[in-house]
Amino acid sequence: MWWEMRPLTDEETRLLFEKLAKYIGENIKLLVDRPDGTYCFRLHNNRVYYVSEKILKLATNIARDKLVSLGTCFGKFTKTLKFRLHITALDYLAPYAKILGSLPRSPASVVQPEGFSIHRMD
């Protein structure tokens, strides 16, 4: 349950931040120290949750058997200690994302997977 959540170890934090740095670079500090409060990462069953410290403190007032979830799942650690991002993290990472390369200007410049077609909507 959520009460078994714990802070990440130094090694887990390093692996998480290395993965996040690939996508948002130095903006990791903006993810933790946000204008609406301080956020932290907690581990539960090899899954990393992103939660406001304010909400984390308030959750202590809720009965353990009544609380279903706490925070947003950012990803999980595999058995070989690799970190895998989950799609639920995208909404939080998108505002800080690094743009890699230039965006394609036409459908002809996009690599098209077999079995898919690209249509213009203009």
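## The main core

In the largest nonpolar core, which has 19 residues, the members touching the most others are Leu 20, Leu 31, Phe 41, Val 48 and Phe 74. Five elements put two or more residues into this core: helices α1 (10-24) and α2 (28-32), plus strands β3 (37-44), β4 (47-52) and β5 (72-77). Helix α1 is the top contributor, with four residues. Bear in mind that this is a predicted model.

There's also a second core, separate from that one, with nine residues. Cys 40, Leu 67, Leu 70 and Cys 73 are among them.

## A lysine tucked away

Now for a residue worth a look in helix α1: Lys 19. What is the nearest side chain of opposite charge to Lys 19, and how far away is it? That would be Glu 18, at 9.1 Å. A salt bridge needs a Lys or Arg side-chain nitrogen within 4 Å of a carboxyl oxygen of Asp or Glu, and Lys 19 has none even though it is buried.

So what does Lys 19 contact, once its neighbours within four places in sequence are set aside? Phe 83 and Leu 85.

## The overall picture

Zooming out, the protein is built with four helices and six strands. Read from the N terminus, the order of elements is β-α-α-β-β-β-α-β-β-α.

Of its 122 residues, 30% count as buried. The exposed area comes to about 9100 Å², and 56% of that is supplied by carbon and sulfur atoms. As for contacts with a separation of 6 or more, 50% are between residues 24 or more positions apart.

Definitions and conventions: Residues numbered from 1 in each chain as written. Predicted model: local features only at pLDDT ≥ 70, side-chain atom pairs only at ≥ 80, totals over all residues. Heavy atoms only, no water. Core = buried A, V, L, I, M, F, W, Y, C linked by side-chain atoms within 4.5 Å. Buried < 20%, exposed > 50% of the residue type's maximum accessible area, 1.4 Å probe, protein only. Lys, Arg positive; Asp, Glu negative; His and termini not counted. Contact = heavy atoms within 4.5 Å. Areas by Shrake-Rupley, 256 points an atom, 1.4 Å probe, with all protein chains shown as cover.
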